[in-house]
Amino acid sequence: MTGFPPVRPPDAEAAAVARARQDLLTKPPGSLGRLEDLSAWVASCQGVCPPRPLQRPRVVVFAGDHGVARAGVSAYPTDVTAQMVANFDAGGAAINVLAEAAGATVRVVDMAVDTDEPLSPSIGAHKVRRGSGNIAVEDALSPEEVAAALEAGRRIVDDEVDSGADLLIAGDMGIGNTTPATTLIAALTDTEPVVIVGRGTGVDDAGWARKTAAVRDALYRCRHSLADPVALLRICGGADLAAIAGFCAQAAVRRTPVLLDGLVVTAAALLADRLAPGARQWWQAGHLSTEPAHEVALNRLGLDPILDMGMRLGEGTGAAVALSVVRAAVATLTSMATFDEAGVTSEGH
């Protein structure tokens, strides 16, 4: 099953109440800038003002290998993906540290890591295959596999929301995964590969040329499927990207706010907004990656990044740092005194 039910927008009335309350707080109207917008967004997602402090933000890192990595598009070997899954599970990766600092917990999911066995039964519960196909020459997934990956993203959201998650972050881990992500963005925005192919993990000029050629070849292969998001994920995506797309779409269906991370997650989100029109209203862009395709994708989604820290790691790290800003936004709306409460004169402030 790949169809999603209609997405209902966040609560506009709660947002309006939040904006009105911001104007009553002990500060000049609008002086907290983007924090005021974010506080109103959280209030609208929760349908209540003042919004509740976030109790259980959850990061889900989707891991998968990509056959295109064998074409020399990455600065790292593919066995790093499996090693990093173990690092996530042990709590030693950047996302573990940054999520803890922001008051979130981390789950890792093996969608298509190229190993004999998943690290554990729970991590591999939704695994679709060993490595997605090399998109330059073959489809990433079969029709059955792309459906299973989308369904995995949907089920993971249901598991997390039913367990109390009140904000979700998708992360990614997979050597070579910026190549399919860039292909999807190029396909959906009609952008030339040379304009948006980035350095990923830090490839040299020759690696960049190989990556650009792989993106161009994949774009040629999917040229007749540009209006079909499921077909795009099948032909030039991957199990991890499809699962993230299902995750972002289902979060909106379940009325749960999402902080998007970098290039890979935002590429999947572009597809998710087509799978579940209107889903983007439930998302904020955590940060702006240094990858050129990321800005193109955010512009298409109409999302303004919260942070610009020069980050390009993935894993959900940029969104995790942005979570602290969202928490600060909620705190201003819920905890600041109004002019009346503080006995402060509002005129001329």
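Hi everyone, let me start with one residue: R130 is partly exposed, at a relative accessible area of 44%. Keep in mind throughout that we are looking at a predicted model.

So what does R130 pair with? R130 makes a salt bridge with D114, and the closest N and O atoms sit 2.8 Å apart. The partner, D114, is partly exposed as well, with a relative accessible area of 37%. Both residues belong to the loop between β2 (105-112) and α5 (143-162), and they are 16 residues apart.

That is one entry in a longer list, as the structure holds 19 salt bridges. The general idea will be familiar: side chains of opposite charge can pair when their charged atoms come close.

Let me show you two others. E192 bridges to R216, with 3.4 Å between the closest N and O atoms. Here E192 sits in the loop between α6 (178-189) and α7 (193-196), while R216 is in helix α8 (residues 205-221), so this pair ties together parts 24 residues apart in sequence. On accessibility, E192 is partly exposed at 44%, and R216 is partly exposed at 37%.

Next comes D205, which forms a salt bridge with R199; the closest N and O atoms are 3.0 Å apart. Is D205 buried or exposed? With a relative accessibility of 56%, D205 counts as exposed, because the cut-off for that class is over 50%. Its partner R199 is partly exposed, at 37%. And beyond individual pairs, there is a network: R56, R58, R107 and E160 are joined by salt bridges that share partners.

Now, over to the rings. How many aromatic pairs does the structure hold? The count is one. The pair is F62 with F247, in an edge-to-face arrangement, 5.3 Å from centre to centre and with 75° between the planes. F62 lies in strand β1 (residues 57-64) and F247 in helix α10 (residues 239-253), so the contact ties together parts 185 residues apart in sequence. F62 is buried, at 0% relative accessibility, and F247 is buried too, with a relative accessible area of 0%.

If you enjoy charges over rings, there are a couple to look at. R154 lies over the face of F4, at 4.3 Å from the ring centre. R223 does likewise with Y220, at 3.7 Å from the ring centre.

F62 brings us to the strands. β1 and β2 pair in the parallel sense, over seven bridges. For a landmark on your screen, G64 stands opposite A112 in β2. How many of the eight residues of β2 are buried? Six of them are, so β2 is largely enclosed by the rest of the structure.

Last stop: the empty space. Rolling a probe the size of a water molecule over the atoms shows where such space is left. The largest pocket holds about 490 Å³. Its lining is made up of 29 residues, and those nearest the pocket centre are N177, G200, T201, R312 and L313. Which elements supply at least two residues each to that lining? Among them are the helices α3 (79-90), α6 and α11 (263-275), along with strand β3 (167-173).

To recap the stops: 19 salt bridges, one aromatic pair, the parallel pairing of β1 and β2, and a largest pocket of about 490 Å³. Thanks for listening, and I'm happy to take questions!

Methods: Residues numbered from 1 in each chain as written. Predicted model: local features only at pLDDT ≥ 70, side-chain atom pairs only at ≥ 80, totals over all residues. Heavy atoms only, no water. Salt bridge = Lys/Arg side-chain N within 4 Å of Asp/Glu carboxyl O. Helix = DSSP H or I, 4+ residues; strand = E, 2+ residues; numbered from the N terminus. Buried < 20%, exposed > 50% of the residue type's maximum accessible area, 1.4 Å probe, protein only. Phe/Tyr/Trp six-rings, centres within 6.5 Å; stacked < 30°, edge-to-face > 60°. Lys NZ or Arg CZ within 6 Å of the ring centre and 35° of its normal. Pairing = 2+ DSSP bridges. 1 Å grid on protein atoms, 1.4 Å probe; cavity = no way out; pocket = protein on both sides within 12 Å on 5 of 7 lines; lining within 4 Å. Points joined across faces, edges and corners; volume = space filled by probe spheres on them.
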